[in-house]
Amino acid sequence: MRRLVLFALLTAAVPGCFYPADRGRALEAKVDRLGADNARLATELKEARDQLAVTQPKLDEKIAQVTQALQSLDTAARRKDADIGVQFQKTVEDLAQLRGQVETYLYKIGELEAALGKSTEETNQRLLALQGTEAVKEAEAKRKAEELQRPTTAKDFIALAQDKAKAGDTLIARQLYNEFVKKWPKDALVGEAHFGLGETYFTESKCREALFEYGKVVQDHTKTPSAPDAYLRSSDCFLKLKMKEESKLALEELVKSYPKSDAAKTAKTKLAELDKKPAPAPAPKKAKK
């Protein structure tokens, strides 16, 4: 029963969030305006592409006509030179006109694509700024993570995430751990990925988020190498949250479930410290008469 209580505490540690209503309404209004601009640009881009789609076959047809005309000059030599020249000149002029239209459409499409890309980037940047500094940092970390070459095996992928965590690139490591969990949800190393996620939050003193990940380890991945440490970290998190009894419970479960682990030795020491009774407060001195 005590263990079930601990699991419930760990996996229910997802934090809520608070966003002021006035900021929320302002954010929604700005998003609506930016979204309308993007939609307008997207519509214009579609129209330009549709026009190009109509013109391109005509251009191809004219090119085919010119090619055929050039290839059949010997046959057409029986016609009058003047007739041949007029027909050929008209074909060339039509071809030039169609080429001009295509170049105009391509130029317009290029401008619209650039404007849409710029507008989308500005929209994303404004949204991030409204969400706060942390959101900006996470977006930057995601961008850097996307630039990394991804290993093809689960073992190498988790090693890359762990290397980034050791190097202090916490947000990039978090991105990689999350990708690992989604890509290899049944792999034997997924427990290590959850523990790594917990560590990224623990280093930022985000104990509730960390507890959720550690809870995944101790509940669903009991045989993963970091399971004993997940109990130990959970105990530390509970202490930071001023939940002494829950902290002790995590240590007791660690000693019980993994008695021969190094983490269990540390747990015994911590339990002894938690069980120490605080020294009695000194008696107040009697006032001198």
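Helices (H or I, at least four residues) and strands (E, at least two) are DSSP runs, numbered from the N terminus. Before we start, note that this is a predicted model, where local features need pLDDT of at least 70, side-chain atom pairs count only at pLDDT 80 or more, and totals for chains, interfaces and linings use all residues. Residues are numbered from 1 along each chain as its sequence is written, and side-chain values use heavy atoms, with hydrogens and water left out.

**Exercise 1. Positive phi in the loops**

Task: locate serine 205 and lysine 242, and describe the phi of each.

Solution. Start with serine 205, which sits in the loop between helix H8 (190-202) and helix H9 (207-220). Its phi is near 60 degrees, a positive value in a residue other than glycine. Next, go to lysine 242, in the loop between H10 and helix H11 (244-257). Lysine 242 is not a glycine either, yet it has a positive phi of about 60 degrees. For background, most residues other than glycine have a negative phi. Finally, check the surroundings: lysine 242 is exposed because its relative accessibility is 77% (buried means under 20% relative accessible area, exposed over 50%, partly exposed in between, with a 1.4 Å probe and protein chains only).

**Exercise 2. The overall fold**

Task: summarise the secondary structure, burial and contacts of the protein chain.

Solution. First, count the elements: there are 12 helices and 0 strands. Along the sequence this reads α-α-α-α-α-α-α-α-α-α-α-α. Second, look at burial, where 33% of the 289 residues count as buried. Third, take the contacts (heavy atoms within 4.5 Å) with a separation of 6 or more: 63% of them are between residues 24 or more positions apart. Last comes the accessible surface, about 19,100 Å², with 55% of it belonging to carbon and sulfur atoms. Such areas come from the Shrake-Rupley method with a 1.4 Å probe, and for residues only the protein chains shown count as cover.

**Exercise 3. Two cysteines**

Task: explain why cysteine 237 is not bonded to the closest cysteine sulfur.

Solution. Begin with the chemistry: a disulfide is a covalent bond between the sulfur atoms of two cysteines. The working rule here is a pair of cysteine sulfur atoms within 2.5 Å. By this rule the count is 0 disulfides. Cysteine 207 is in none, its nearest cysteine sulfur being that of cysteine 237, 3.6 Å away. Seen from cysteine 237, the closest cysteine sulfur is in cysteine 207, and the 3.6 Å between them is too far for a bond. As for accessibility, cysteine 207 is buried at 5%, and cysteine 237 is buried at 0%.

**Exercise 4. Helix H7 and its two partners**

Task: work out how H7 packs with H6 and with H8.

Solution. You will need the geometry first: axes are lines fitted to C-alpha atoms, for helices over the stretch in contact, and angles run from 0 to 180 degrees between N-to-C directions. Angles under 35 degrees count as roughly parallel, over 145 as roughly antiparallel, 65 to 115 as roughly perpendicular and the rest as oblique.

Take H6 and H7: their axes are 8 Å apart, at an angle of about 160 degrees. The two are therefore roughly antiparallel. Among the residues making this contact are Phe157 and Leu160 of H6, and Leu176 and Phe180 of H7.

Now H7 and H8: the axes come within 9 Å and cross at roughly 150 degrees. H7 is therefore roughly antiparallel to H8. The contact includes Tyr177 and Val181 of H7, together with Leu197 and Tyr201 of H8.

For handedness, a crossing is left-handed if the near helix is turned anticlockwise from the far one by less than a right angle, and right-handed if clockwise. H6 and H7 cross in a left-handed way, and the crossing of H7 and H8 is left-handed.

**Exercise 5. Three residues to place**

Task: find where glycine 168, aspartate 236 and aspartate 275 lie.

Solution. Glycine 168 is in the loop between helix H6 (154-166) and helix H7 (170-183). It is partly exposed, with a relative accessible area of 48%. Its C-alpha is 9.4 Å from that of threonine 200, 32 residues apart in sequence.

Aspartate 236 belongs to helix H10 (residues 227-240) and is buried, at 16%. Beyond its neighbours within four places in sequence, aspartate 236 touches Phe202 and Lys270.

Aspartate 275 lies in helix H12 (residues 262-275) and is partly exposed, at 47%. From C-alpha to C-alpha, aspartate 275 and lysine 248 are 9.0 Å apart, with their positions 27 residues apart in sequence.
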